Amino acid sequence: MRDHNGQTYGQAVLPRFETIQEGSQGLQLQGIREYSYESHGLTEREREVVSLVVEGLSNADIASRLFVTEATVKKHLRTVYKKINVKNRFQLVKEVLG
């Protein structure tokens with residue numbers, strides 16, 4: 001998805017961060033607290049999808065990167081939204097970035 005400036009979520013939300021690394025406990029964002037997945041019970045694949053959403057990739061791009069269908073990405077996202085108690089992609093990114 002793109003904002004009114006044509007930037008993806010990741011570009012719009014993370015312009016000041018050079019790297020995003022996923023550790024065993026959660027996302028490591030330079031300059032931001034580590035986001036813990038443990039309390040939400042996300043699977044490894046759900047964590048991968050969340051990381052790619054935070055980077056600003058579309059569902060189609062995530063599907064291509066993970067070698068799954070776009071429908072599978074959407075299913076993972078619906079599950080993640082329920083587990084983290086958010087309603088959409090924007091709220092997910094906001095929750096992860098704190």
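**Exercise 1.** In this predicted model, what kind of link do the side chains of R45 and E48 form, and at what N to O distance?

*Solution.* Begin with the pair itself: the side chains of R45 and E48 meet in a salt bridge, with 3.0 Å from N to O. Next, place the two residues in the secondary structure: both belong to helix α2, which covers residues 44-55, and they are three residues apart, about one turn of the helix. Finally, consider accessibility, where R45 has a relative accessible area of 28% and is partly exposed, while E48, with 26%, is partly exposed.

**Exercise 2.** Find the salt-bridge partner of K83, and determine which helices the pair ties together.

*Solution.* The partner is E46, and the closest N and O atoms of this salt bridge are 2.9 Å apart. Because K83 lies in helix α4 (residues 70-84) and E46 in helix α2, the pair ties together parts that are 37 residues apart in sequence. For the accessibility step, recall that buried means under 20% relative accessible area. E46, with a relative accessible area of 5%, is therefore buried, whereas K83, at 32% relative accessibility, counts as partly exposed.

**Exercise 3.** Describe the salt bridge between R65 and E55 by its distance, its helices and the accessibility of its two residues.

*Solution.* The side chains of R65 and E55 meet at 4.0 Å, N to O, and a salt bridge is defined with a cut-off of within 4 Å. R65 lies in helix α3 (residues 59-66) and E55 in helix α2, so this pair ties together parts that are 10 residues apart in sequence. As for accessibility, R65 is partly exposed at 47%, and E55 is partly exposed with a relative accessible area of 33%. To close the account of charged pairs, a search of the whole structure finds three salt bridges.

**Exercise 4.** Which residues have the most contacts inside the largest nonpolar core, and which elements give two or more residues to this core?

*Solution.* The largest nonpolar core has 20 residues, and those with the most contacts inside it are V49, V50, V53, I62, L77 and L92. The elements that contribute two or more residues to this core are α2, α3, α4 and α5, the last of these spanning 89-97. As a last step, take L92 and list its contacts, leaving aside residues up to four places away in sequence: L92 touches V50, V53, L77, V80, Y81, I84 and V86.

Key. Residues are numbered from 1 along each chain as its sequence is written. This is a predicted model: local features need pLDDT of at least 70, side-chain atom pairs count only at pLDDT 80 or more; totals for chains, interfaces and linings use all residues. Side-chain values use heavy atoms; hydrogens and water are left out. Helices (H or I, at least four residues) and strands (E, at least two) are DSSP runs, numbered from the N terminus. Buried means under 20% relative accessible area, exposed over 50%, partly exposed in between (1.4 Å probe, protein chains only). A nonpolar core is a set of buried Ala, Val, Leu, Ile, Met, Phe, Trp, Tyr and Cys residues joined through side-chain atoms within 4.5 Å. Contact means heavy atoms within 4.5 Å.
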